[in-house]
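Work through these exercises with the model open beside you. Try each task before you read its solution.

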Amino acid sequence: MASVPSLAATVHQRVADALSAALPEAGSADPLLRRSDRADFQANGMLALAKKLKGNPRELASKVVSHLPVAATSADPDPVIEDIEVSGPGFLNITIADSAITATLAARAADDRLGVPRADSPGTTVIDYAQPNVAKEMHVGHLRSAVIGDAVVRILEFAGEQVVRRHHIGDWGTQFGMLIQYLIEHPHELDHKDAASGQEAMSNLNRLYKAARALFDSDEEFKERSRRRVVDLQAGDEETIALWRKFVDESKIYFYSVFDKLDIEIHDPDVVGESGYNDMLAETCRLLEESGVAVRSEGALCVFFDDVKGPEGKPVPLIVQKSDGGFGYAATDLSAIRDRVQHLKADTLLYVVDARQSLHFKMVFETARRIGWLNDQVHAVQLAFGTVLGKDGKPFKTRAGETVRLEDLLDEATERAAAVVREKSEKLGLTEEEILERGAQVGIGAVKYADLSTSASRDYKFDLDQMVSLNGDTSVYLQYAYARIQSILRRAGEGQRPLAHPELRLAPAERALGLHLDQFGETLREVAAGFEPHKLAGYLYQLASLYTTFYDQCPVLKAEGGPAQVENRLFLCDITARTLRQGMTLLGIRTPERL
Ligand code: ARG
């Protein structure tokens with residue numbers, strides 16, 4: 001299906017255009033047109049405009065009303081406005097013609113993108129997300145980064161943005177000296193047949209990590225040998241590097257198994273961990289030092305900030321190179337910025353990282369601005385997310401106070417969801433295999449939706465009972481709304497998409513649903529501009545709620561108005577389902593056809 005140029009026109013846009021045409025002196029002034037409880041829309045822009053033109057707002061508003069074509073008086077066979085009146089100090093209350101609602105939706109329904117326009121001037125965004133650490137268990141924070149990052153990637157790509165993914169995994173650092181040295185001294189530890197599963201790979205690593213740590217803390221000589229091993233690693237010694245790679249590869253088996261469970265696609269070439277920037281570190285330091293952005297202080301290479309101070313008012317610098325010559329997290333991130341800006345040609349750098357790292361990124365970004373790697377054309381944003389809390393409102397831990405294993409959590413979500421699906425499955429005659437497949441789609445969807453439906457910066461409670469509930473603001477509710485519509489469409493049994501009938505009058509629930517559908521494109525634009533998936537989740541939840549009201553109040557297959565009304569209501573069902581599906585897909589959540 002080809003895109004029709006007029007598709008970008010929403011009811012909202014058409015009303016705004018009609019208002020400007022009726023009042024040429026408004027120029028490009030914003031009519032401040034909003035959805036309203038009093039009428040379909042209210043425009044409040046006359047107040048500011050009257051001030052500017054030194055006129056009376058009510059008079060200006062009346063002028064608009066008298067110049068505007070409305071249904072009863074207009075020669076236009078398809079007026080968008082049914083009725084308009086002045087209220088209060090000069091507000092305009094606007095009622096939309098039923099035919100305009102239906103006709104606009106029909107034009108959008110004819111387009112694969114549901115009439116959602118692409119961004120006017122797309123750029124290149126490098127997004128840093130899903131970045132767990134080698135030889136360590138993934139935790140709920142890594143879950144948030146992956147889920148939010150994946151949704152933002154989908155949303156930006158749909159808007160037409162060029163997106164480059166970077167998974168900045170923690171695959172470098174002094175801890176590898178200890179791990180490698182231990183492995184050399186206990187060669188059979190990772191030597192089993194290739195790990196059969198991700199979880200097995202992880203438990204092997206975990207066991208090794210703990211044993212190495214214990215030895216490191218208790219045996220001074222092992223500690224010393226580990227330190228020398230770090231030097232070998234940095235010098236690129238062959239045997240050492242081979243063992244390091246073994247840790248990375250083993251960990252990747254595990255990461256991929258978790259991402260797979262999460263139904264998130266990660267591609268190997270996009271995994272560029274900390275080690276990927278090793279060759280740039282010395283040069284980064286040289287550039288920072290030569291430009292004077294960084295200075296030597298007690299042997300270390302530091303960047304200072306006026307507003308970053310420690311407890312006693314002592315400045316806390318960003319340390320780019322330690323006094324022993326070692327490079328840390330900051331040097332790597334600064335090198336990654338150079339790479340992403342100069343090599344990948346990004347104009348936006350996005351970091352989906354825990355809010356507890358905000359000070360680090362603030363200092364890193366400011367440093368990059370001082371040296372000019374970031375500037376007015378190229379900017380960096382941390383999409384900082386809050387902490388995952390348990391039901392008790394404290395950081396999420398097991399009863400024994402340990403970090404919860406991500407895999408266990410996902411498995412439990414899936415099991416609970418399967419139980420919900422199983423209960424309803426009798427009616428649908430689902431096979432056990434289908435129940436399990438849908439259980440995963442519902443359970444993983446529930447975990448993702450709970451994360452995505454609150455603003456990322458807020459902490460959120462991980463409460464599986466609430467997540468898989470059929471009522472309330474959950475993905476299950478949305479998935480059921482979608483499946484219910486599909487079942488109606490199947491019962492209608494038409495091979496082709498139902499057509500719209502703009503000549504029909506609409507019931508209030510149809511109008512409310514239609515006007516909300518009209519806002520899909522505008523919502524997505526806002527969601528993409530502010531990296532705010534929760535606004536999309538909110539939109540979809542409201543869409544499902546409005547559909548539920550419509551379904552309760554307006555019989556579809558037994559509509560009293562005859563075959564045209566049946567088809568028009570099927571049309572509304574169809575475009576609602578397609579909008580739900582598109583929106584859920586952008587959040588990374590599946591919509592099973594039968595549930
Ligand atoms: N690996 C880090 C962690 O687990 C997150 C990395 C964030 N990205 C970055 N460019 N520093 O906390």
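**Exercise 1. The hairpin.** In which sense do strand β3 (residues 81–87) and β4 pair, and over how many bridges?

Solution. First, the ground rules. This is a predicted model: local features need pLDDT of at least 70, side-chain atom pairs count only at pLDDT 80 or more, and totals for chains, interfaces and linings use all residues. Residues are numbered from 1 along each chain as its sequence is written.

Step 1. Fix the terms. Helices (H or I, at least four residues) and strands (E, at least two) are DSSP runs, numbered from the N terminus. Two strands pair if DSSP finds at least two bridges between them.

Step 2. Read the pairing. β3 and β4 pair in the antiparallel sense, over six bridges.

Step 3. Locate partners. I81 has I96 in β4 as its bridge partner. D83 stands opposite T95 in β4. E85 stands opposite N93 in β4.

Step 4. Look at the turn. Three residues lie between the strands of the β3 and β4 hairpin, where G88 takes a positive phi near 55°.

**Exercise 2. The sheet.** Give the strand order of the open sheet of four strands, then place a helix against it.

Solution. Step 1. Add the other neighbour of β4. Strand β2 (residues 41–43) and strand β4 (residues 91–96) pair in the antiparallel sense over three bridges. Here Q42 stands opposite N93 in β4.

Step 2. Write the order. It is β1-β2-β4-β3, with antiparallel pairing. β1 and β3 are the edge strands, and each pairs on one side only. Neighbouring strands of this sheet are turned by 25° against each other on average, direction ignored.

Step 3. Place the helix. α1 packs on the sheet and touches β1, β2, β3 and β4; its direction makes about 145° with that of β1. Contact means that the C-beta atoms of two residues, placed from the backbone, lie within 7 Å. Axes are lines fitted to C-alpha atoms, for helices over the stretch in contact, and angles run from 0 to 180 degrees between N-to-C directions.

**Exercise 3. Two helix pairs.** Classify the packing of α7 with α9, and of α19 with α20.

Solution. Step 1. Set the classes. Angles under 35 degrees count as roughly parallel, over 145 as roughly antiparallel, 65 to 115 as roughly perpendicular and the rest as oblique.

Step 2. Take α7 (residues 198–218) and α9 (residues 238–261). They pack at an angle of about 135°, with their axes 8 Å apart. So α7 is oblique to α9.

Step 3. Give the handedness. α7 passes α9 in a left-handed crossing. Left-handed means that the near helix is turned anticlockwise from the far one by less than a right angle; right-handed means clockwise.

Step 4. List the contact. From α7 come G198, Q199, A201, M202, N204 and L205; from α9 come E250, S251, I253, Y254, Y256, S257 and V258. These residues divide into seven nonpolar, five polar and one charged. Ala, Val, Leu, Ile, Met, Phe, Trp, Tyr, Cys and Pro count as nonpolar, Asp, Glu, Lys and Arg as charged, and the others, Gly among them, as polar.

Step 5. Repeat for α19 (residues 533–553) and α20 (residues 563–587). Their angle is about 155°, and their axes lie 10 Å apart. Therefore α19 is roughly antiparallel to α20. Their crossing is left-handed. Residues in the contact include L536, L540 and L543 of α19 and L580, M584 and L587 of α20. By class, the contact has twelve nonpolar, three polar and no charged residues.

**Exercise 4. Unusual phi values.** Where does L32 lie, and where does K345 lie?

Solution. Step 1. Recall the background. Most residues other than glycine have a negative phi.

Step 2. Take L32. Its phi is positive, about 50°, although L32 is not a glycine. L32 lies in the loop between α1 (11–22) and β1 (33–35). L32 counts as partly exposed because it has 16 C-beta neighbours inside 10 Å. A residue is buried if 20 or more other C-beta atoms lie within 10 Å of its own, exposed if 12 or fewer, and partly exposed in between; C-beta atoms are placed from the backbone.

Step 3. Take K345. K345 is not a glycine, yet has a positive phi of about 60°. K345 lies in the loop between α11 (329–343) and β10 (348–354). With 13 C-beta neighbours inside 10 Å, K345 counts as partly exposed.
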